[in-house]
Amino acid sequence: MKKKFVMIFTLVFVLAFTGCNKGRTITGDTTHTNEKTEEHLLTVTAGGESIRPYQHFLYSGQWDGEYFVCADGVNLTTELQRLDEEDLIPQLNYSEDFEAISENGAELGYVMLYDSKYKELEELQNISKLSELDKGEYYVGIAVNKEGKYIGEAKKNEYIGYICVFKLSVGTNSEGKTKASDITKSVEVTVSYANYTDEDAIYSGGLNADKMTIEGEYHFPIYKFDSVQALEQFKRTFGEILTMEYGYDENPSFNEATTKYDEAFFKDNALMLVYVTAGSGSLRFGVGSVTCDGKSFCIDVKQTNNPEVCTDDMAGWFITVAVADSVIANCTEFDAK
């Protein structure tokens with residue numbers, strides 16, 4: 001029998017079992033994937049759509065005839081980015097009828113929430129607050145626990161627990177307005193070297209200059225070019241404080257990366273540019289997602305590597321995104337974060 005759990009209350013969950021009173025703990029690789037999962041324990045629905053989240057193994061306790069054999073999985077926080085990059089996490093658009101349905105006798109538990117950079121938002125454990133989130137991409141993990149066969153000798157049940165993970169796309173608001181669509185696969189992305197500057201002009205000149213000083217948020221300046229002339233003007237304006245003619249390791253120079261954007265390109269397309277800085281030239285960046293709801297356009301920037309050793313130099317990169325005019329024709333807000 002399925003149990004319905006409407007997400008309008010604060011979730012408080014105490015794991016049924018945090019260890020074994022009598023048993024042995026398995027050590028080593030206890031990573032589980034959906035391929036190893038025998039049954040689905042959770043379905044999430046919203047706006048007439050439903051998904052089955054990725055079930056990330058948390059813990060288990062099984063009777064071997066003499067002992068309870070206990071296993072602990074890998075913490076979701078350390079695995080979330082890998083799972084996302086391997087396209088294992090399904091996505092759902094948020095709506096007011098958001099609902100989680102436990103299956104096969106599972107009990108729902110606590111909720112973990114992450115932002116688009118895989119950072120845990122510990123202060124947002126109340127699911128009713130989802131309707132107040134800014135538009136963007138989030139990762140949600142709902143803990144589920146299922147009890148198995150009762151073991152009379154041990155006087156408790158076998159058990160298994162998962163974190164059911166999915167990506168939640170939050171639109172303009174919770175009043176049914178158009179949700180932002182992920183258009184990442186329909187755009188062309190190029191990363192080129194820019195060098196580092198902290199000159200205010202590069203930040204104050206962006207289309208999202210008003211967001212540069214919002215406390216608690218980090219935004220990257222974004223520019224939009226509709227013609228070859230506009231692109232060349234940008235190069236002249238910032239050519240003295242940024243590097244346009246030289247590349248860096250595998251990344252081309254900005255001049256090289258933009259040679260293909262000619263009059264024919266700008267006839268039906270626009271070129272978006274994001275300036276990203278880093279505390280080391282060893283770090284690399286790319287695009288996590290590009291979303292558009294018809295009025296607002298946003299580029300989500302993500303770090304693409306995690307070197308063990310980093311050079312001690314400041315660096316900067318241009319991320320350019322080529323997008324069709326028809327996609328952003330009615331957009332009045334542009335942002336990158």
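The following dialogue explains how several terms apply to this predicted model.

Modeller: The model is predicted, and local features need pLDDT of at least 70, side-chain atom pairs count only at pLDDT 80 or more, and totals for chains, interfaces and linings use all residues. Residues are numbered from 1 along each chain as its sequence is written, and side-chain values use heavy atoms, with hydrogens and water left out.

Colleague: Why is Phe318 called buried?

Modeller: Buried means under 20% relative accessible area, exposed over 50%, and partly exposed in between, with a 1.4 Å probe and protein chains only. Phe318 has a relative accessible area of 0%, so Phe318 is buried. Phe234, with 4%, is therefore buried too.

Colleague: What makes Phe234 and Phe318 an aromatic pair, and which kind of pair is it?

Modeller: Rings of Phe, Tyr and Trp (its six-membered ring) pair if their centres lie within 6.5 Å; planes under 30 degrees apart count as stacked, over 60 as edge-to-face and the rest as tilted. The centres of Phe234 and Phe318 are 5.8 Å apart and the planes meet at 70 degrees, which makes the pair edge-to-face. Phe234 lies in helix H3 (residues 228–238) and Phe318 in strand S18, so the pair ties together parts 84 residues apart in sequence. Helices (H or I, at least four residues) and strands (E, at least two) are DSSP runs, numbered from the N terminus.

Colleague: Why is the pair of Phe98 and Phe166 called tilted?

Modeller: The planes of Phe98 and Phe166 are 35 degrees apart, with 6.1 Å from centre to centre. Planes from 30 to 60 degrees apart are neither stacked nor edge-to-face, so they count as tilted. Both Phe98 and Phe166 are buried.

Colleague: How do you know that Lys156 sits over the ring of Phe68?

Modeller: A charge sits over a ring if NZ of Lys or CZ of Arg is within 6 Å of the ring centre and within 35 degrees of the ring normal. Lys156 lies over the face of Phe68 at 4.7 Å from the ring centre.

Colleague: What makes the link from Asp115 to Lys119 a polar contact?

Modeller: A polar contact is a pair of N or O atoms within 3.5 Å; within protein, one must be able to donate a hydrogen and the other to accept it, and residues adjacent in sequence count only if both atoms are side-chain atoms. The side chain of Asp115 reaches the backbone nitrogen of Lys119 at 2.9 Å. Asp115 is found in the loop between strand S9 (107–114) and strand S10 (136–151).
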